[in-house]
Structure formats: C-alpha cells, structure tokens
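Work through these exercises with the sequence and the model open side by side. Try each task before reading its solution.

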Amino acid sequence: MSRALHTLPRFYPIFDHADWLERALPLGVKLVQLRIKDAAPSDLTAQLAKGRDLCAAHGAQLVVNDYWQQAIDLGCDYIHLGQEDLDEADIAAIRRAGIRIGISTHDRAELDRALALEPDYIALGPVWPTILKKMKWHEQGLDRVSEWKRLIGDIPLIAIGGMTPERAGLAFGAGADVVSAVTDITLNPDPEGRLRLWLDETAAKVPA
C-alpha cells in the first residue's frame, strides 16, 4: 500500500551538532538534519533530545541521521538512512513508531532498493563535487537529477553535494524538490548570513 507523502520545505541544511540548530532555527529553517559522528552515547542522546525540543519550539522537523533506535526512543520526526544503514535498520519498527524515512541513493541499484521500502523522500548526491567526505561516486550532474525525478514521481527528491545558493535554482529546474547543504554553511565565515541567503534563494524558487 502506498503511503501519503508530505510536502517538504525547499531548504534542508545538515549539521553535526545540536548547537547549530540554536543558530539556524530562529532564522526560519523548517527542516534540518543532525548528522552526528563519533559521539559518546550519552552525548548523542542529549544532542538529539535538544534538537527534537528546539525543532518543536520553532515548528520545524528534525531528521536524525543513522541512529534509528534513538530516534524512535525520542519520538523524532524523520530518520535518514544511507545504504549501509539499511542493512541493519528495522524499517518495520521505524514505521510502527510513526517516523518518516529518507534514503540516500547514488545509482540505479540503490534507488531500486530504496523505492522498494516506500520512503518519504529520496536523496541523490553528490550533484556537484563535494568536500564533505570522500565518495566513490563522481558528481551526478543535473541530468541525473532529472532522471531520478522521472523515476520516483511524487516522492520528494533532495539534491545534495556541492550545493550553493547560486546552484539551487539549477537543481530545482532539473527536478529537485529540496536542496541540501552542509559545508557551504558550516565553513562560511558568516553562517547566519549564509543561511539567510539560502532561505531567500529557495523561497524565491517556490512556485506561485
């Protein structure tokens, strides 16, 4: 049975610590991911709980990367799973908890695997070269964004990788529903200013 899909905000920043949400959410960010690596269990839980509460206070949705059991325990909105995460994640338990699922994809085999799980969004990347992490995939390009959108239909498509405010319109024009950024914000000397630019640029791309 197909699941009802939800409309997502057009801008989706990703941060590695809950403290970033204190800076981003007051500016109007409504969808945000916490991708926390190498944290002690107690610190991880504390950060995710803080992120959950901050998002609730600002009317935003929190996406938890990878840590699906903690997301269930804390009652978070979304889980984001990479392909390796799918090997161990209990999709049925996540669904029973009422948590929505986003899945990363990089090639057709991964897309087919993701679609079989009826995700709430599909992420494709890297659209442009990225410095975030070493990846075995070369840049996907805008043609791949268009191809993915044709294949997934109404499922929201998130474009990530090398994304900048100036490139957002190109990604939307190719078929992306949402654009996501990491280092373009966190490595910027003025993160708040950059977030405001992102919000302005993506709001301008919303159809009337």
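Two strands count as paired if DSSP finds at least two bridges between them. Keep in mind that this model is predicted.

**Exercise 1. Find the bridges between β5 and β6, and place the helix that lies across them.**

Solution.
- Step 1. Locate β5 at residues 100-105 and β6 at residues 121-124.
- Step 2. Count the bridges. There are four, in the parallel sense, so the cut-off of at least two is met.
- Step 3. Check one bridge. G102 has Y121 of β6 as its partner.
- Step 4. Add the helix. α6, residues 108-115, lies across β5 and β6. Its direction makes about 170° with β5.
- Step 5. Turn to another helix on the sheet. α10, residues 191-204, touches β1 (11-15) and β8 (178-181). The angle between α10 and β1 is about 155°.

**Exercise 2. State what fold of sheet the strands β1 to β8 build.**

Solution.
- Step 1. Follow the order β1-β2-β3-β4-β5-β6-β7-β8. The pairing is parallel.
- Step 2. The eight strands form a closed barrel. On average, neighbouring strands are turned by 25° against each other, direction ignored.
- Step 3. Inspect the closure. β1 and β8 pair in the parallel sense over three bridges. F11 has V179 of β8 as its bridge partner.
- Step 4. Look at the other partner of β8. β7, residues 157-160, pairs with β8 in the parallel sense, again over three bridges. Here A159 is bridged to V179.
- Step 5. Trace the connection. The chain leaves β7, passes through α8 (residues 165-174) and reaches β8. This β-α-β crossover is right-handed.

**Exercise 3. Trace the chain from β1 to β3 and give the handedness of each β-α-β unit.**

Solution.
- Step 1. β1, α1 (residues 19-24) and β2 make a right-handed unit. β1 and β2 pair in the parallel sense over two bridges. One bridge joins I14 to Q33 of β2.
- Step 2. β2, α2 (residues 41-57) and β3 also make a right-handed unit. β2 and β3, residues 61-65, pair in the parallel sense over four bridges. L31 has Q61 of β3 as its partner.

**Exercise 4. Decide whether the side chains on the two faces of β2 and β8 are buried or exposed.**

Solution.
- Step 1. Recall the rule. In a regular strand the side chains alternate between the two faces of the sheet.
- Step 2. Apply it to β2, residues 31-34. L31 and Q33 sit on one side, V32 and L34 on the other. All are buried, and both faces are covered.
- Step 3. Apply it to β8. V178 and S180 point one way, V179 and A181 the other. All are buried here too.

**Exercise 5. Identify the unusual backbone values at G125-P126, D66 and E118.**

Solution.
- Step 1. Set the baseline. Most residues other than glycine have a negative phi, and most peptide bonds are trans.
- Step 2. The bond from G125 to P126 is cis, with omega near -10°. P126 is in the loop between β6 and α7 (141-152).
- Step 3. D66 has a positive phi of about 80°. D66 lies in the loop between β3 and α3 (68-74). Its relative accessible area is 23%, so D66 is partly exposed.
- Step 4. E118 has a positive phi near 50°. E118 lies in the loop between α6 and β6. Its relative accessible area is 31%, so E118 is partly exposed.

Conventions
Residues are numbered from 1 along each chain as its sequence is written. This is a predicted model: local features need pLDDT of at least 70, side-chain atom pairs count only at pLDDT 80 or more; totals for chains, interfaces and linings use all residues. Side-chain values use heavy atoms; hydrogens and water are left out. Axes are lines fitted to C-alpha atoms, for helices over the stretch in contact, and angles run from 0 to 180 degrees between N-to-C directions. Contact means heavy atoms within 4.5 Å. Buried means under 20% relative accessible area, exposed over 50%, partly exposed in between (1.4 Å probe, protein chains only). A crossover is right-handed if, with the strands pointing away from the viewer, the path from the first strand over the helix to the second runs clockwise.
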